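Q: I should like to learn how to read a protein model feature by feature. May we work through one together?

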Amino acid sequence: MARVRLLKGLEGGPLLWLAEVGARMIYGKSFNQIGAIAHNRSFILPFLQMSAFSQGKTQLSPQVRAMAMSLAAELNGCGWCMDFGAYQAHKANVPAEKQRHLLNFADSPTFTEQERVALEYAQTLCSPGAPISAALGQKLRQHFSEQEVVELTVAVAAEKFFNTVNGALGIEPQGFAEVASTPRGAR
């Protein structure tokens, strides 16, 4: 249960109302954390920009980004982010089997070497102090351009931000994973 009242519509100001309308148009529902963030209206736009920052168009494969962000959500225990991450992974065409084996990426034959490197990097970024070893840095350079490394770093760092906000404010899953698990023809 949310630790603060979730503001709705114009109660949170015109920007919250616009954010809710936009989210409903794109995702079919508004995002509860925006209703929590709206307690300080000046936070709404930066929060939305942070989302765009982590989900924008990049050179980095959408599948790799979705898996790295989903792994971060799982490692940080953010139920809302795991729920939305399943939706995003489905949208990026990440096979369900890969989503199920994220925590065991190192041992699973399901992942490519490039995906394992990205997931190892995401896992390390979720560790206290994010101790990136020289060996991991070398593996990143072998599999990703400098721009892709920056994009992967920002995506996982943004995910950690959302994990912290959602966890601390008690923002619960909203059923996005159900959309992802429903066969496309059944919707």
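Q: How many salt bridges does a search of the whole structure find?
A: The general idea is that side chains of opposite charge can pair when their charged atoms come close. The structure here is a predicted model, and a search of the whole of it finds three salt bridges.

Q: Which side chain meets glutamate 11 in a salt bridge?
A: The partner of glutamate 11 is arginine 5, with 2.2 Å from N to O.

Q: Is arginine 5 buried or exposed?
A: Arginine 5 has a relative accessible area of 51%, and exposed means over 50%, so arginine 5 counts as exposed. Glutamate 11, at 40% relative accessibility, is partly exposed.

Q: Which residue forms a salt bridge with lysine 98?
A: Lysine 98 pairs with glutamate 115, and their closest N and O atoms are 2.7 Å apart. This pair links distant parts of the chain: lysine 98 belongs to helix α6 (residues 96–100) and glutamate 115 to helix α7 (residues 113–125), 17 residues apart.

Q: Why does lysine 98 count as buried?
A: Buried means under 20% relative accessible area. Lysine 98 is at 12% relative accessibility and therefore counts as buried. Glutamate 115 counts as buried too, at 10% relative accessibility.

Q: Which residue forms a salt bridge with glutamate 120?
A: Glutamate 120 forms a salt bridge with lysine 139, where the closest N and O atoms are 2.7 Å apart. Because glutamate 120 lies in helix α7 and lysine 139 in helix α8 (residues 134–143), the pair ties together parts that are 19 residues apart in sequence. Glutamate 120 is partly exposed, with a relative accessible area of 24%. Lysine 139 is also partly exposed, with a relative accessible area of 27%.

Q: Let us turn to the helices. How many helices and strands does the secondary structure of the protein chain come to?
A: The protein chain has ten helices and zero strands. Read from the N terminus on, its elements run α-α-α-α-α-α-α-α-α-α.

Q: How is the packing of two helices described?
A: Two packed helices are described by the angle between their axes and by the distance between the axes. In this model, one such pair is helix α4 (residues 62–76) with helix α9 (residues 146–169): their axes come within 9 Å and cross at roughly 35°. The crossing of α4 and α9 is right-handed.

Q: Which residues make the contact of α4 with α9?
A: On the α4 side the contact is made by Arg65, Ala68, Met69, Ala72, Ala73 and Asn76, and on the α9 side by Leu152, Ala155, Val156, Glu159, Lys160 and Asn163. By character, the residues of this contact divide into seven nonpolar, two polar and three charged.

Q: At what angle do α4 and α7 pack?
A: Helices α4 and α7 pack at about 35°, and their axes are 9 Å apart. The crossing of α4 and α7 is right-handed. From α4, the residues Val64, Met67, Ala68, Leu71 and Leu75 meet Gln114, Glu115, Ala118, Leu119, Ala122 and Gln123 of α7. The residues of the contact of α4 with α7 divide into eight nonpolar, two polar and one charged. Glu115 is thus a residue with two roles to note, since it belongs to this contact and also forms the salt bridge with lysine 98.

Q: Where is asparagine 93 placed?
A: Asparagine 93 is in the loop between α5 (79–91) and α6. Its phi is positive, about 65°, although asparagine 93 is not a glycine. At 52% relative accessibility, asparagine 93 counts as exposed.

Q: In which loop is alanine 130 found?
A: Alanine 130 is found in the loop between α7 and α8. Alanine 130 has a positive phi of about 45°, although it is not a glycine. At 25% relative accessibility, alanine 130 counts as partly exposed.

Q: What radius of gyration does the protein chain have?
A: The protein chain has a radius of gyration of 17 Å, which agrees with the value near 16 Å for a compact globule with 187 residues. Taken along the principal axes, the C-alpha atoms fill a box of roughly 50 × 40 × 30 Å.

Q: What percentage of the 187 residues count as buried?
A: Of the 187 residues of the protein chain, 43% count as buried. Among contacts between residues at least 6 apart in sequence, 68% join residues at least 24 apart.

Technical notes:
Residues numbered from 1 in each chain as written. Predicted model: local features only at pLDDT ≥ 70, side-chain atom pairs only at ≥ 80, totals over all residues. Heavy atoms only, no water. Axes fitted to C-alpha atoms, helices over the stretch in contact; angles between N-to-C directions. Helix = DSSP H or I, 4+ residues; strand = E, 2+ residues; numbered from the N terminus. Left-handed = near helix turned anticlockwise from the far one by under 90°. Contact = heavy atoms within 4.5 Å. Nonpolar A, V, L, I, M, F, W, Y, C, P; charged D, E, K, R; others polar. Salt bridge = Lys/Arg side-chain N within 4 Å of Asp/Glu carboxyl O. Buried < 20%, exposed > 50% of the residue type's maximum accessible area, 1.4 Å probe, protein only. Rg over C-alpha atoms; globule rule 2.2 N^0.38 Å.
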